[in-house]
Every structure is written in C-alpha cells, then in structure tokens.
Amino acid sequence: MTDLVRLERHGDVGVIVIDHPPVNALSIAVREGVIAAVGLLAADPGLVAGVLSCAGRTFVAGADIREFNAPRAGAASTNDVCRALDHCPKPVVAALFGTTLGGGLEVAMACHGRVITPGGVVGLPEVKLGLLPGAGGTQRLPRLAGAAAALEMITSGRHVPAAEALALGVVDEIGTDVLALAVERARAMARSGALPRARDRAVPDFDRAAFETAVQAVQRRARGAQAPVVAAEAVGWALDLAFDDALAREGAAFQSLRAGAQSRALRHLFMAERLAAKSPVAAEPWPVAQTGVVGGGTMGAGIAVALADAGFAVTLVEVSEPAVAAARGRIEAVYTRQVASGRLSGTEQQARLARIGYATELAALAGADLVIEAIIEDLAAKQDVFRALSAVTRRDAILASNTSYLDIDVLADAVDNPERVLGLHFFSPAHVMRLLEIVRPRRVSDAVLATALAVGRRLRKQPVIAGVCDGFIGNRMLAKWRQICDFALEDGALPHEVDAALEGFGMAMGPYAVADMAGLDIGWAMRKRRAPERDPASRYVPIADWLCEAGRFGQKTGLGWYRHEGGKREIDQAVTALVEQASAARGIVRRAVPAARIEARVLAAMVNEGAKILAEGVALRPSDIDVVLVHGYGYPAWRGGPMQAGDEAGLAGILATMREIHAECGVGWEPAALLERMVAEGRDFASLNV
Ligand code: 3H9
C-alpha cells in the first residue's frame with residue numbers, strides 16, 4: 001500500500017480507504033495502493049469481504065488529469081485496479097458519496113456492489129476532456145444500465161443523481177450512512193457466496209435500430225468534437241464483442257484520444273477555468289447578503305434571477321411603476337418556463353420569487369452590500385446612477401456596472417470612494433450564461449475584487465478578471481473577429497460562406513447568423529460605433545457596412561435572411577445579388593475565398609489581438625482569454641480557445657498570416673510585439689499560463 005491508501009478493519013470486513021485530497025483522484029500511488037490493499041484483503045483469512053471507500057469530500061472523482069500529459073510507462077493502470085477487483089475472491093462493495101466520476105465510477109463498477117448517499121452523483125464525464133472512459137466504463141456501464149442509458153450517459157458526460165443511478169441499475173442501494181451500509185452489504189454477500197461481476201453480465205435486451213439512431217444523433221451534434229463520436233462507437237463494441245476484446249479496443253481508443261490535440265485542448269480548458277476563478281489578491285472577501293440591481297430590462301432581470309437563484313436577497317430598482325411591472329413580468333416568465341419544463345419545482349419558484357423585491361427609488365438600496373447597475377449603455381446615464389448610488393448606499397457597499405465596453409474608471413469618478421467600484425459583465429441571458437467578466441478598474445481595492453470573485457463562484461459562474469479597455473477581453477476579441485470576417489466578404493466570400501467556414505472550424509454559429517439573431521440594426525449600429533480607422537491606402541471598402549445598411553432599410557431583419565427564411569437557395573441568391581451589386585458599384589472583382597483562408601485569418605487576428613490584450617495587462621494570462629471565448633462566445637471548447645488553438649497551429653505560422661493581413665489591411669492590423677517576441681524566443685502562450 002501507499003500513504004494515500006490504507007486498509008482498516010471493521011470486524012471481518014476490510015475497508016480500503018483512499019485518502020488523496022482534494023478529490024481522491026486516481027494518481028499512480030493511489031492505483032498501486034488499491035491493488036496492494038485488494039491483495040491484502042484477498043490473502044487475509046480474518047477478512048471475508050471488503051469495502052472500497054474514500055476519506056474527505058468525495059469518492060474518487062476520476063483519473064488524475066495532471067498525469068495525462070506525461071503518462072508513466074509501466075505504472076499500474078486504472079484497468080489494473082479493475083482487474084484486481086474482478087479477480088478478488090471476496091466481494092467488495094463501493095461506498096459512494098460526493099461526485100463519483102470517470103475512473104472513480106469505473107473502479108466502482110468493477111466492485112461487486114455499489115451503495116450511494118442520497119446526495120451523491122455518478123457520471124462518466126471523460127468526453128468533456130476529449131476522452132472516453134478508458135478503464136472499462138464503456139463496457140461495464142451498458143451491462144449494468146443498458147445500451148441506451150449508457151450511450152446517453154457516456155456521450156453527454158452528465159452527472160446522474162443517486163435516485164436515477166439506482167433506477168438505472170448503476171448502484172444497488174441508497175443510504176445515508178453509506179459506509180455502514182456497504183460493510184453490511186459486503187458481509188451479507190460473503191455469507192451468501194455472491195460474487196457478481198459486471199463484466200460477466202450480458203447487456204440487457206435493447207432496440208438496435210433505436211440505438212443506431214441515437215448514435216447518429218451523437219455524430220450530428222458533435223460539431224467537430226471527436227470524443228463523443230468515438231465513445232458512442234465504443235459503447236457499440238459492448239453490444240457486439242467479447243468483453244476482453246472490447247476492452248482492448250476501448251484502451252487503444254482512449255490512448256489515441258489522450259494523445260490528440262482535442263483532449264489536450266479540453267484538459268487545458270479544465271485547468272484554465274480553475275485558474276481563472278482563483279483570486280490574484282490575498283484579501284479576504286467581504287460577506288454579501290443583500291444585493292440590488294438597477295434596471296430591469298433583459299440584462300437586469302436576468303441578473304436578478306441569477307442572484308435569487310444563488311440565494312441572495314435582491315432589490316430591483318426601476319424608474320417607474322410600469323417599468324417595475326415589466327421587469328417583474330420578465331422575471332416571472334423565466335421561472336414559469338423553468339417550472340413548465342420541469343427544471344424547477346413550484347415551491348422553489350415561490351422561494352426564489354420571494355427573494356426579489358422591487359422599488360422605484362434608489363434609496364431602497366441603502367442597506368445593500370452589492371449593487372449591480374444594468375441600465376442602457378450610455379455613459380452619462382450611468383454616471384448619474386453611480387452619483388446617486390454614492391449618495392444613498394453604505395460607504396462599503398460594492399457598486400458594479402454591467403457595461404460591456406464603457407470605461408469603468410470614469411464611472412468610478414462619479415463615486416466618492418472609487419475603490420468600491422468595478423465591472424461585473426454578465427452575458428445574455430444572464431441567469432444562463434456561465435461567463436462573468438470581472439472588470440478591474442485602476443482604483444478598486446483588493447477586498448472588493450476578492451468579493452466579486454467570491455460572488456461569481458457563489459452564482460456558479462465562470463469568473464474571469466479583465467482590465468478596462470473598449471470591450472474588455474471578450475467584446476474586444478469579438479470586434480477583431482468580426483472585422484476580419486467583413487474583410488472576407490470584401491474579398492468576395494458570401495455571408496453564408498463565412499458562417500460555414502467558421503462553423504466548420506467548430507464555432508457554435510457564424511458571425512452573420514449571430515448578427516441576424518441579434519437584429520441587424522443593432523449589429524449595424526455596433527459596427528458603425530466600432531468602425532476602425534481604415535488605412536486610406538487599403539483596398540478594402542466597407543461592403544459589409546453597405547450590406548448591413550441595405551438589410552436595415554429593407555423589410556427583412558438582416559443578412560441572415562438566408563438562414564431564417566424558407567427556401568434557402570433563393571435567399572442565398574438574393575444575398576449574392578446584393579454583394580455583386582455592391583462590388584460592382586465599387587469596381588471590385590469578386591473571387592472565391594477558400595474556407596481554410598477564412599479560418600486561418602480569423603485565428604491569426606484573434607491570437608494577435610489576444611497578444612495585445614496580454615501585453616496591456618487586460619488579461620492576466622492567455623488561458624483567461626480562452627475561457628472567455630469558449631464560455632461567452634461559442635468558441636469550440638475542443639479547440640481550447642484561440643490562444644491554445646494558436647499554440648497548436650504554431651505561432652510562427654500565425655505571425656506570417658498576420659504580416660500578410662497587415663500588408664493588405666494596414667492600420668490596426670500590426671503584428672503584436674508580444675507575438676513577435678514569442679516566435680523569436682520559440683515559446684508558446686501556454687508557457688505564460690501561471
Ligand atoms: C478519467 O477518469 C479517465 C478514466 O476513464 C481513466 C482512464 C484510464 N484530476 O473543480 P474543483 C482538482 S478522466 C486532478 O475546483 P469542485 C482541481 O484541479 C477524469 N485534479 O472543485 C482543483 O485543483 P486546485 C474524469 C483534479 O468541488 C481541485 O481538484 N473526471 C481532478 O468545484 C478542486 O476541483 C472528471 O473529469 C482530477 N480528476 O468540483 C472530473 N478533479 O484546487 C473532473 C479535480 O489546485 N473534476 N481536480 O485548483 C470535476 O468535475 C470537479 O473537479 C469536481 C469537483 C466535480 C470533482
């Protein structure tokens with residue numbers, strides 16, 4: 001055994017305890033320890049059965065992700081642990097609590113029985129790391145839960161609550177004192193001579209046609225992600241191959257995914273998310289209980305819901321009774337939908353609604369610990385609100401703005417003690433989207449910053465700290481991304497071709513489909529506001545602006561007509577005609593733009609802007625930029641975010657593309673000095689992720 005695993009005696013039952021905080025991950029020493037403990041249990045005549053359990057806050061939450069980058073050859077594998085349990089002549093029952101995930105559930109399934117606490121969850125989330133369950137999970141789960149349930153669990157990576165796990169047959173019993181229950185069960189099994197092994201069971205009868213249809217649905221939804229597709233195939237092996245043959249295939253598929261770029265990117269993202277949420281300052285967060293929201297439009301209402309969901313008391317302030325009624329209507333509509341879809345109980349709905357109060361005067365926020373302003377994006381109007389808040393709130397109340405690009409230092413000037421002002425940039429819908437940019441103006445105190453991070457975590461958001469600049473991290477990256485796409489239009493690509501290229505890259509939605517959904521008039525106004533100074537020598541002319549304008553004054557909503565109206569081909573033709581007309585008017589000869597060129601230019605433009613953001617200190621590290629783009633902007637998680645994708649593509653190539661773009665587009669497209677330095681020094685952005 002090892003320091004991390006011990007064998008305790010509970011009468012004639014040996015209890016193997018894994019003690020490897022924080023989540024009892026199956027690192028090499030743990031695997032070796034469990035194998036040794038199973039050996040001792042088997043050999044000890046005083047022990048009739050065993051229990052596999054954990055100290056701390058959870059049963060094993062999976063393999064140790066940190067070991068995947070450099071696996072040690074010859075070390076005991078998780079499959080070796082499962083094999084030791086399979087060969088153990090005495091029954092071993094797993095005592096599950098907390099989050100039994102990945103390799104943790106695989107080892108539990110190799111035990112002869114499983115009991116779980118009522119609040120426990122199980123799951124095989126490997127696909128979220130670009131992997132498949134590599135220690136028999138794709139083979140044992142279909143035998144326990146059936147083909148359809150196993151396929152769904154493995155390809156979604158979903159956490160399954162205890163009651164559902166029991167109904168599916170993944171666990172045998174639920175109980176509060178899970179250790180006592182497991183000891184009892186193990187002893188009873190020993191007495192009866194039962195030694196059931198999941199590997200020996202047949203997969204329960206299933207509907208093959210329905211299974212194939214479900215596999216096809218997984219393939220369709222994958223949008224470039226390999227892991228769910230391979231994992232679905234592996235579940236299929238359980239239905240057709242002998243256990244050991246299928247296990248060997250599963251192992252090979254796991255190794256191939258582990259060594260691939262997609263899993264590397266998703267593992268990077270896992271670590272990046274946790275790093276971004278850590279406080280960069282030593283200060284202790286202040287307690288926050290009473291919160292206020294100023295403005296009850298879409299954002300304000302969503303923020304109030306997010307706060308109420310997390311248990312905060314909320315006072316929402318609007319300018320008039322009718323505006324209050326509208327805000328209340330928006331909030332109630334959110335909860336009504338959640339109840340209708342079964343995601344929320346009626347009791348919980350009432351409890352959350354009861355946490356939200358309404359007022360028409362800012363004075364109602366006198367007792368608030370935190371106020372979030374979410375009115376229109378107008379600097380003067382926001383300054384008025386901050387000035388008024390400064391007068392009515394406690395001096396230590398934190399004042400936050402939900403602005404998506406305005407200068408928060410200027411807002412702080414309106415407050416008598418500016419060290420309590422910062423940005424909390426939520427994404428729409430605010431109660432759903434996980435990303436929260438915490439914008440750190442010059443004078444904000446460490447305690448206020450630490451409090452904002454703590455609130456973000458309590459809201460179950462993904463917080464990322466950003467500095468003040470136009471658009472912070474996310475919208476500033478988005479602006480460059482949009483501009484380079486517009487240039488592709490001007491090169492001769494059609495909007496739906498640009499969308500298709502980026503969706504092929506893995507983006508959730510192309511930029512023109514997004515603009516169309518947002519309402520083209522908004523997209524157009526934003527574009528005008530952000531229009532860069534074009535180099536007069538550039539051959540580019542604003543065809544994109546012209547197109548937007550045409551859409552705005554036409555009867556349809558925007559460029560994305562082609563997507564939302566019936567008869568896509570006719571609409572493609574209509575857009576093509578518009579572009580032809582605009583090009584001809586400007587004497588431009590359109591030429592086809594290959595998707596690969598669009599992808600490469602978008603990537604280069606984003607990495608380059610990311611490098612500028614880093615050099616200015618707007619992001620603390622490259623991986624924070626990745627987290628923002630993946631969680632707020634539909635960047636494919638399996639690419640790890642633009643900075644990781646840049647590393648993966650090779651920074652020298654990115655720089656070369658940037659030089660080309662600069663030569664063509666001029667001012668505003670200079671290669672970033674940091675990018676040039678990274679290439680000169682042969683480094684990658686990952687080396688800056690600390
Ligand atoms: C797998 O099992 C492959 C198998 O098929 C085997 C094949 C051979 N490893 O998230 P938190 C760290 S793949 C290493 O903040 P929470 C984490 O980095 C794995 N470290 O806490 C953090 O460290 P730090 C399948 C891990 O309470 C600390 O623990 N399993 C691992 O919000 C706390 O984490 C998964 O994918 C790990 N596996 O959430 C589960 N897990 O304090 C991944 C966590 O230094 N883990 N850490 O920042 C999770 O989903 C969440 O961590 C969990 C706890 C729900 C468990």
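In the predicted model examined here, the backbone nitrogen of Leu406 lies 2.9 Å from a polar atom of the Thr403 side chain. The side chain of Thr403 also takes part in a polar contact of 3.0 Å with the side chain of Glu377. Thr403 itself is located in the loop that runs between β14 (398–401) and α16 (408–413). With a relative accessible area of 0%, Thr403 falls under the 20% limit and is therefore classed as buried.

The surroundings of the ligand were examined next. The shell around the ligand comprises 25 residues, of which Ala63, Glu106, Glu126, Arg274 and Lys278 come nearest. By residue class, the shell divides into 13 nonpolar, five polar and seven charged residues. Three elements, β5 (99–101), α3 (103–110) and α11 (261–277), each contribute at least two residues to this shell. Polar atoms of the ligand are placed opposite both backbone and side-chain atoms of the protein. A polar backbone atom of Ile65 is found 2.9 Å from a nitrogen atom of the ligand. In the side chain of Glu106, an N or O atom lies 2.7 Å from an oxygen atom of the ligand. For Arg274, a polar side-chain atom is positioned 2.7 Å from an oxygen atom of the ligand. The ligand taken alone exposes 1000 Å², and 75% of that area is buried by the protein.

Arg274 also has an aromatic neighbour. Its charged end sits over the ring of Phe270, at 3.6 Å from the ring centre. A second arrangement of this kind involves Arg639, which lies over the face of Phe505 at a distance of 3.9 Å from the centre of the ring.

Helix α11 also contains Ala276. This residue is buried, its relative accessible area of 2% being under the 20% limit. The C-alpha atom of Ala276 is separated by 5.8 Å from that of Asp624, although the two residues are 348 positions apart along the chain.

Aromatic pairs were then considered across the model. The whole structure yields five such pairs. Phe206 and Phe211 form one of them: the ring centres are 6.1 Å apart and the planes meet at 70°, so the arrangement is edge-to-face. The two partners fall into separate accessibility classes, Phe206 being partly exposed at 29% relative accessibility, whereas Phe211 is buried at 5%. Another pair brings together Phe487 and Trp669, with ring centres 5.4 Å apart and an angle of 55° between the planes; the pair is therefore tilted. This pair connects distant parts of the chain, since Phe487 belongs to helix α18 (residues 474–491) and Trp669 to the loop between α28 (651–665) and α29 (673–681), with the two positions 182 residues apart. Phe487 and Trp669 are both buried.

Particular features of backbone geometry were also identified. A cis peptide bond with omega of about 0° joins Pro21 and Pro22. Pro22 is part of the loop between β2 (13–18) and α1 (28–43). The loop between β2 and α1 also holds Asn24, a non-glycine residue with a positive phi of about 55°. At a relative accessible area of 1%, Asn24 is under the 20% limit and so counts as buried.

Another cis peptide bond is found between Ser428 and Pro429, where omega is about -5°. Pro429 is placed in the loop connecting β15 (421–426) with β16 (435–440).

A positive phi was likewise found for Arg223, which is not a glycine; the angle is about 45°. Arg223 occurs in the loop between α8 (208–221) and α9 (227–240). With 47% relative accessibility, Arg223 is partly exposed, whereas Asn24 is buried.

Definitions and conventions: Residues numbered from 1 in each chain as written. Predicted model: local features only at pLDDT ≥ 70, side-chain atom pairs only at ≥ 80, totals over all residues. Heavy atoms only, no water. Phe/Tyr/Trp six-rings, centres within 6.5 Å; stacked < 30°, edge-to-face > 60°. Buried < 20%, exposed > 50% of the residue type's maximum accessible area, 1.4 Å probe, protein only. Helix = DSSP H or I, 4+ residues; strand = E, 2+ residues; numbered from the N terminus. Lys NZ or Arg CZ within 6 Å of the ring centre and 35° of its normal. Near = heavy atom within 4 Å. Polar contact = N/O pair within 3.5 Å; in protein donor to acceptor, adjacent residues only side chain to side chain. Areas by Shrake-Rupley, 256 points an atom, 1.4 Å probe, with all protein chains shown as cover. Nonpolar A, V, L, I, M, F, W, Y, C, P; charged D, E, K, R; others polar.
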